Every structure is written in C-alpha cells, then in structure tokens.
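Please look through the sequence and the structure below before reading on. The report that follows takes up a few topics in turn, beginning with a single side chain and ending with the confidence of the prediction.

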Amino acid sequence: MSQALPGYLLSGGALLFFTTAILVTRLASNRIPLALGFVIATLTNVVFSALAFAVQGVLSDQPVTWNTRSFWLFAAAGVFSTYLGRWFFYESVVRFGPAKASVFQVSSPLFTAAMALVLLGERLTLPVAMGMVLTVGGLILVSYKPGAGGNGSVAPAEPAGLVVPVKADSATPPLTLHQRLLKSVLLLGLASSLAYAIGNVLRGSAVREWNEPILGGLIGAGVGLAMHLLFMPAKSALWTSLRQADRRGVWLYALIGVCTISGQICTIGAMRFIPLSIATLVTLCTPLLVFPLSYFLLKSRDGVTRATVAGCGLTLVGIFIIVLR
C-alpha cells in the first residue's frame, strides 16, 4: 500500500483537476462554441505544460535524459487520446447527449486493463478486478439517465470536432457509409473508449521507461494540437473567430486547458506506481464530485435519482476494495 500511495495521491489530484474542468466547461460552453473552445483548451495544454517543464528544469538539479522510444510512445498517445479520443467523445456528446456518451467512456479502464495484460503483462488480482467491475457499474448508474440525449438522431447542436452534419432537405439522399457510421452511438462510443485506452497504455509504457510525466504531457498535447489544426474545417477563419470570441469565455477555456493537462500529467505520473487501469479508473470518478458540486455551486437542476445514489455507493465500495486490496 505504501508503495502505491503516490499513485493514488496523483490519481486523486487528477480527479480534482478533471472535475474542475467539467464544471468550468458548463460555464464556458455558454459563451464560446465547443469546437473553438477545444482549440483554446488544447493550445493552453501546450503552453502550460511547456511552462511547467521549464520550471521543472530550473528547480531540478538532474538533467533530462533522452529516450527515443518513449518519445514516440508519448507522441502516439497524443494522437489517440488528445486528438482521436476527445474527437470521438465530443462527437458522441453532441450527437447523442452526454448521458449515452459517458456510459461508453467509463468502460475505458476495462479496455486499458485488457490491453495492459496482453501488451505489458500487467495482471490484476481477483479482488481488484471485482472492485473495478463494481466501480464501473456504479459509474454507469450515476452517469446514465434514461431518455437523456435524444433518441439517437443527429443533434441540432454544433459538432465538437471535424465533421459537419448533413442537413436534411425535402429530398434527402441515401446516407453514405461515412454518414451512417457517424450516426452510430455504438461506433462513436466504443471508438472513444478504445482510443483513450490505447493512449493510456502507450503513456503507461512510456513513463515506466522514461520518468518524465510533464514532458510526456507536453509531447502528447503538442501532437494532439497539431493533428486538430491539420484536420479541422475552416482553418482560415480560426484567427478571426478567436479575436471575436467572448473574452471571459476564452479565459474559461484556458482554465479548462490548465486543468486538463494538469490532470493528464498527474495520471501519467500515477502510472509509475499503480496499474494503468486503476489510475484511469480513479480519474473517471468525476461524477461522484460533479453532481454535488454542480448542485451547490452551479445550482444545477440535474435530478439525483435512487439510481444515482445507488451508483455512488457501488462506486465507493469498488474503490474501497481496490485501495485495500
């Protein structure tokens, strides 16, 4: 337990950072569209992690050693998590609502555990595996609200990523394969979960060879930003949109960027001490904090049902089993 304590503390810190980012997103999305906010937040990821790395260089008396393999692992993790994972997740949120999207996201630790077992030989004890199942089941109960997020049709809200939904007219042509795939909540949800899981395994493998979580976060954020700028639509209008954007909204998304990259760095650091799937699972327990904080701080009207309370209890039992394994 003592050897794993730093991992749990770092995961707990990541949980607080990600919870703050979610709460601030509720405020920021009312001022700036999510697509533009994503660019601001990702750009802040790069700037803040670069500053943090510079501070680390000043305070540390040990020079940074170079590890080419880990560099490319961190870079690949940026493609899967910072770019693909976020894109698939935000697309599923916009098209099908946050409730359905979140159910798939909480399955990411299970995919992470399976891939870590196959690729890294990372095994979990039976009590830990049972605790994970209880925690994931509890998070699904907390996150999912029947009837929320529409019936699976394309939402009228602005898309969060790269694809602009096709508007139907009086003579709607048959959907292409690409359009049918984008209307599948199963495909988008599982793609998001798998992308995050692959990114987690890549980061965990990298940080165990190269103990540079801040630099790893910077590399991944830089690659994710480059991918987004490369493939985003209407790149020529980006600067104009940024200049015309609500100033307070810009600062809110910048705060989101600080929180998300800080949480990511903490998660990477935690992976040196505890199994990858456990580090990922703890950081996904944001609903346990978001619901009560939303009620007291943001006066949110999200209903707390018996299923929500039961899910919170189940999640806490699962985490208790894991920590005391």
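Is R31 buried, partly exposed or exposed, judging by its relative accessible area? R31 has a relative accessible area of 36%, and because this value falls between the limits of 20% and 50%, the residue counts as partly exposed. The model discussed here is a predicted one, and every statement below should be read in that light.

## Overall make-up

The protein has 325 residues, and buried residues make up 48% of them. Its secondary structure comes to 14 helices and zero strands, so that a reader who follows the chain from the N terminus meets one α element after another.

Contacts can also be sorted by how far apart the partners are in sequence. Among the contacts in the protein with a separation of 6 or more, 92% are accounted for by residues that are 24 or more positions apart.

## The nonpolar cores

The largest nonpolar core has 42 residues, and F74, I274 and I278 are the ones with the most contacts inside it. Several helices supply at least two residues each to this core, among them α1 (5–28), α3 (68–96), α8 (185–209) and α11 (247–270). Helix α9 gives the most, with six residues.

The surroundings of F74 can be followed in some detail. When residues up to four places away in sequence are not counted, F74 touches R203, A206, V207, W210, E212, G216, I219, G220 and I268. There is also a second, separate core of 16 residues, which includes A21, M232, A245 and C259.

## Three salt bridges

Side chains of opposite charge can pair when their charged atoms come close. The structure holds three salt bridges. One of them joins the side chains of D246 and R31, with a distance of 3.2 Å from N to O. D246 lies in the loop between α10 (238–244) and α11, while R31 lies in the loop between α1 and α2 (34–59), so this pair ties together parts that are 215 residues apart in sequence. D246 is partly exposed, with a relative accessible area of 29%, and R31, as noted at the start, is partly exposed as well.

Another salt bridge is formed by the side chains of E209 and R69, at 2.4 Å from N to O. This pair links distant parts of the chain, with E209 in helix α8 and R69 in helix α3, 140 residues apart. E209 is partly exposed at a relative accessible area of 41%, and R69 counts as partly exposed at 47% relative accessibility. R208 forms a salt bridge with E122, where the closest N and O atoms are 2.9 Å apart. Because R208 lies in helix α8 and E122 in the loop between α5 and α6, the pair ties together parts that are 86 residues apart in sequence. R208 counts as partly exposed at 37% relative accessibility, whereas E122, at 12%, counts as buried.

## Cysteines and a buried serine

How many disulfides does a search of the whole structure find? The search finds zero disulfides. A disulfide is a covalent bond between the sulfur atoms of two cysteines. C259 counts as buried at 6% relative accessibility, and C285 counts as buried at 2%.

S193 lies in helix α8 and, at 1% relative accessibility, counts as buried. The side chain of S193 reaches the backbone nitrogen of S108 at 3.2 Å. Leaving aside neighbours within four places in sequence, S193 is in contact with F104, Q105, S107, S108 and F111.

## Confidence in the prediction

The protein averages a pLDDT of 80, and 79% of the residues score at least 70. Among the elements, helix α7 (residues 177–182) has the lowest mean pLDDT, at 51, while α11 has the highest, at 94.

Over residues 148–170 the pLDDT is below 50, although this stretch has 48 contacts in the model beyond near neighbours in sequence. Where pLDDT is low, the predicted coordinates should not be read in detail.

Methods:
Residues numbered from 1 in each chain as written. Heavy atoms only, no water. Core = buried A, V, L, I, M, F, W, Y, C linked by side-chain atoms within 4.5 Å. Buried < 20%, exposed > 50% of the residue type's maximum accessible area, 1.4 Å probe, protein only. Helix = DSSP H or I, 4+ residues; strand = E, 2+ residues; numbered from the N terminus. Contact = heavy atoms within 4.5 Å. Salt bridge = Lys/Arg side-chain N within 4 Å of Asp/Glu carboxyl O. Disulfide = S-S within 2.5 Å. Polar contact = N/O pair within 3.5 Å; in protein donor to acceptor, adjacent residues only side chain to side chain. pLDDT = per-residue confidence, 0-100.
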